Amino acid sequence: LLQGRQRHPCCRGQLTRHSDVFRGMMSIPQPVNALSMDGCPIIVLHDRAQELAYTLKALYDGLYFADGVVVDFTVISAILRLSTKYFLGRLRRRASARLRPDWPSTLTEWDNRERVTPYGLYAAPILVIDLARELSLPSLLRAAFYDLSRCTPTRILQGSTVTPDGQRVFLSRTDLMLVFQGKEACQNFVSMVIPSELEGRRPTPWCLKVNDNDSEVCRETFALVTYESMRAVSSLTSSRGDDPLFMLQCVIELQSRETGTSVAEKPADRGCDVCRDDLRATIQRARETIWDSIPGWFGINVMMLEDF
């Protein structure tokens with residue numbers, strides 16, 4: 001394989017076994033004066049040198065990842081591009097499968113992603129959106145759009161650096177409008193959920209403190225949780241006020257911690273077990289509603305969420 005001034009000696013059998021494109025290409029009889037080097041036929045390619053090197057290395061040595069996170073997104077995207085172009089089916093499936101845990105399609109997997117890996121360690125979501133659009137990988141779009149919506153508008157508009165020389169990738173005008181539209185929808189939903197589900201919330205009929213004439217503890221606890229939640233959404237107590245799933249998870253954890261510096265500073269300040277369980281179930285339903293609504297809010301075609 002000849003790319004520019006670089007040549008990559010490859011076994012014919014390796015290429016034809018994995019690639020429909022190379023198999024068809026090499027089945028065509030070649031003229032006597034066909035290009036050759038050292039007695040071997042030459043196929044001239046016009047791909048990027050580094051992308052070709054990554055793909056051939058994965059084709060010969062396999063695709064392995066020592067860490068739990070794709071640290072070098074450039075390698076994965078390069079392999080996906082060329083495996084799609086040359087119909088390297090097995091390589092494409094393995095590369096795309098490696099991306100899915102980082103850009104999941106279910107809320108449970110998203111929560112596990114956020115719990116296991118520190119925030120901000122993954123590839124820039126703009127690059128993921130660009131790759132998903134280019135290579136028909138729509139299953140990555142839900143998580144990528146939501147992840148990007150957690151950034152400030154200025155950061156979204158600045159794009160993302162993709163190469164060491166400082167080249168930047170920007171969202172298309174259409175995707176830019178979609179991410180701002182979805183960002184606003186997420187914030188509007190949370191601003192409605194907190195007043196409707198928390199403000200003025202009453203203890204459940206099965207409150208364990210009713211018989212002790214102490215049900216006001218549960219009512220007061222809900223009021224404090226509402227206050228803390230409104231402050232967080234307003235970004236007064238958290239730098240992640242643009243992350244509705246995270247903020248609602250914090251509401252759940254406010255009544256789960258035994259100690260802390262906020263509402264649940266000590267067990268006596270918390271509601272009874274029944275009222276807390278009811279609150280957690282309500283907030284979790286709201287989180288699931290957000291996750292299920294992301295395709296609609298961000299203009300993602302639900303019928304195309306399965307990869308090509």
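Let me begin with a definition: a disulfide is counted here as a pair of cysteine sulfur atoms within 2.5 Å. By that rule, this predicted model comes out with 0 disulfides. Take Cys10 as an example, where the closest cysteine sulfur belongs to Cys11 and lies 8.7 Å away, so the two are too far apart for a bond. As for its surroundings, Cys10 counts as partly exposed, because its relative accessibility is 27%, and Cys250 is likewise placed in the partly exposed class, with a relative accessible area of 22%.

Let me now step back to the chain as a whole. The protein chain carries 13 helices and 7 strands, and of its 308 residues, 44% count as buried. If we take the contacts between residues at least 6 apart in sequence, 68% of them join residues at least 24 apart. The accessible surface of the chain comes to about 17100 Å², and carbon and sulfur atoms account for 54% of that area.

I turn next to the empty space, beginning with the open kind. What is the volume of the largest pocket? The calculation gives about 620 Å³, and of the 23 residues that line this pocket, the closest to its centre are Leu1, Cys40, Pro41, Ile42 and Ile43. Several elements take part in the lining, since at least two residues each are supplied by helix H1 (12–18), helix H2 (20–26), strand E3 (36–37) and strand E4 (40–41). By class, the lining of the largest pocket is made up of 17 nonpolar, 3 polar and 3 charged residues.

Then there is the enclosed space, where the count comes to 1 cavity of 30 Å³ or more. The largest cavity holds about 60 Å³ of space, and its lining includes Leu1, Leu15, Phe22, Leu45 and Tyr86. Which helix gives the most to that lining? Helix H3, covering residues 49–61, does so with 4 residues. The lining of this cavity divides into 10 nonpolar residues and 1 polar residue, with no charged residue among them. You may have noticed that Leu1 appears in both lists, being one of the residues closest to the centre of the largest pocket and also one of those that line the largest cavity.

Further along the sequence, I would like to look at Leu245, which lies in helix H12, residues 244–254. Is this residue buried or exposed? Leu245 is buried, because its relative accessible area is 1%, and buried means under 20%. Leaving aside residues up to four places away in sequence, Leu245 touches Leu107, Trp110, Tyr146, Arg287, Ile290 and Trp291. With the last of these, Trp291, the separation is 46 residues in sequence, while the C-alpha to C-alpha distance is 8.2 Å.

Finally, a word on backbone geometry, where two residues deserve a look. Phe87, although not a glycine, has a positive phi of about 55°, and this residue sits in the loop between helix H4 (73–85) and helix H5 (89–99). Ser136 also has a positive phi, near 55°, in a residue other than glycine, and its place is in the loop between helix H7 (125–135) and helix H8 (141–149). Ser136 counts as partly exposed, because its relative accessibility is 35%.

How values were computed:
Residues numbered from 1 in each chain as written. Predicted model: local features only at pLDDT ≥ 70, side-chain atom pairs only at ≥ 80, totals over all residues. Heavy atoms only, no water. 1 Å grid on protein atoms, 1.4 Å probe; cavity = no way out; pocket = protein on both sides within 12 Å on 5 of 7 lines; lining within 4 Å. Points joined across faces, edges and corners; volume = space filled by probe spheres on them. Nonpolar A, V, L, I, M, F, W, Y, C, P; charged D, E, K, R; others polar. Buried < 20%, exposed > 50% of the residue type's maximum accessible area, 1.4 Å probe, protein only. Contact = heavy atoms within 4.5 Å. Areas by Shrake-Rupley, 256 points an atom, 1.4 Å probe, with all protein chains shown as cover.
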